[in-house]
Amino acid sequence: DSSTEADVRDQLEQVQARIDTFTDKQAGGELSGQHFEELEKDLDKLVETMKDQLLTEVEQARVRSLAEQSVKAVSKVLDSDEEVSEAVEAVIERAGAVVAAVTSASEDEQGGGSSSEGDGSNSVGADGGGVTTIEED
């Protein structure tokens with residue numbers, strides 16, 4: 001269904017815009033709890049939008065990239081402000097759910113997902129685990 005495919009593309013664009021805004025606000029010292037909440041909501045909506053969708057390999061890669069970008073953006077905040085750790089953990093959890101959803105969808109599409117290619121699906125676990133592989137010191 002092309003309208004559902006458009007919904008997925010629109011939500012990918014929305015998440016990218018939210019990450020860009022988050023990063024800009026962070027750089028300007030204008031970040032608030034609302035920015036974390038908006039990013040969480042957009043990641044949740046992406047998971048919902050992807051349900052029962054067959055994503056192209058390009059879309060799957062973009063979803064994983066956006067999840068990693070989300071984790072990187074909020075992790076930078078954690079480095080400078082530990083008071084936001086709960087909000088950071090919530091976004092990381094949502095990013096993990098996004099990766100889990102796209103991984104599940106791609107495995108369903110492939111009939112088990114035993115792809116020989118490294119797809120990066122382990123870069124962010126569903127519980128936020130494994131994020132140390134993309135954190136920067």
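Which residues of α2 are buried? They are His35, Phe36, Leu39, Glu40, Asp42, Leu43, Leu46, Val47, Thr49 and Met50, where buried means under 20% relative accessible area, exposed over 50%, and partly exposed in between (1.4 Å probe, protein chains only). The points below set this list in context.

1. Basis of the note. The structure is a predicted model, in which local features need pLDDT of at least 70 and side-chain atom pairs count only at pLDDT 80 or more, while totals for chains, interfaces and linings use all residues. Residues are numbered from 1 along each chain as its sequence is written, and side-chain values use heavy atoms, with hydrogens and water left out.

2. Overall architecture. The protein chain contains four helices and zero strands, and its elements run α-α-α-α from the N terminus on. Helices (H or I, at least four residues) and strands (E, at least two) are DSSP runs, numbered from the N terminus. Of the 137 residues of the protein chain, 38% count as buried.

3. Helix α2. This helix covers residues 33-50. At 1.5 Å a residue, its 18 residues should span 26 Å, and the end C-alpha atoms are 26 Å apart, which agrees; the expected span of a helix is taken as 1.5 Å times one less than its number of residues. Just after α2, Asp52 takes a positive phi of about 60°.

4. Two contrasting residues of α2. Leu39 is found in helix α2 and is buried, with a relative accessible area of 0%. The C-alpha atoms of Leu39 and Gln16 are 9.7 Å apart in space, although the two residues are 23 residues apart in sequence. Lys41 also has its place in helix α2, but at 58% relative accessibility Lys41 counts as exposed. Between Lys41 and Arg94, 53 residues apart along the chain, the C-alpha separation is 8.6 Å.

5. Helix α3. For the 24 residues of α3, a rise of 1.5 Å a residue should give a span of 34 Å; the end C-alpha atoms are 35 Å apart, which agrees. The buried residues of α3 include the charged or polar Glu59, Gln60, Arg64, Ser70 and Ser75, together with Val63, Leu66, Ala67, Val71, Ala73, Val74 and Val77. Lys72 is found in the same helix, α3, and is partly exposed, with a relative accessible area of 35%. Lys72 and Thr23 lie 49 residues apart in sequence and 9.8 Å apart in space, C-alpha to C-alpha.

6. Salt bridge between α1 and α2. The structure holds seven salt bridges, a salt bridge being a side-chain nitrogen of Lys or Arg within 4 Å of a carboxyl oxygen of Asp or Glu. In one of them, the side chains of Arg18 and Asp42 meet at 2.6 Å, N to O. Arg18 lies in helix α1 (residues 2-27) and Asp42 in helix α2, so the pair ties together parts that are 24 residues apart in sequence. Both Arg18 and Asp42 are buried.

7. Salt bridge between α2 and α4. Glu40 forms a salt bridge with Arg94, and the closest N and O atoms are 3.3 Å apart. Because Glu40 lies in helix α2 and Arg94 in helix α4, the pair ties together parts that are 54 residues apart in sequence. Glu40 is buried, with a relative accessible area of 14%. Elsewhere, salt bridges that share partners join Arg18, Glu38 and Asp42 into one network.

8. The pair Lys25 and Glu30. Lys25 and Glu30 form a salt bridge, with 3.3 Å between the closest N and O atoms. Lys25 is partly exposed, with a relative accessible area of 27%. Glu30 is likewise partly exposed, at 48%.

9. Negative surface patch. Asp79, Asp81, Glu82 and Glu83 gather in a patch of negative charge on the surface. Patches are made of residues with over 30% relative accessible area and no salt bridge, like charges being joined within 9 Å and nonpolar side chains (Val, Leu, Ile, Met, Phe, Trp, Tyr) within 5 Å. Within this patch, Glu83 is found in the loop between α3 (57-80) and α4 (85-110). At 77% relative accessibility, Glu83 counts as exposed.

Definitions and conventions. Accessible areas come from the Shrake-Rupley method with a 1.4 Å probe; for residues, only the protein chains shown count as cover. Lys and Arg count as positive and Asp and Glu as negative; His and the chain ends are not counted. The place of a charge is taken as NZ of Lys, CZ of Arg, CG of Asp or CD of Glu.
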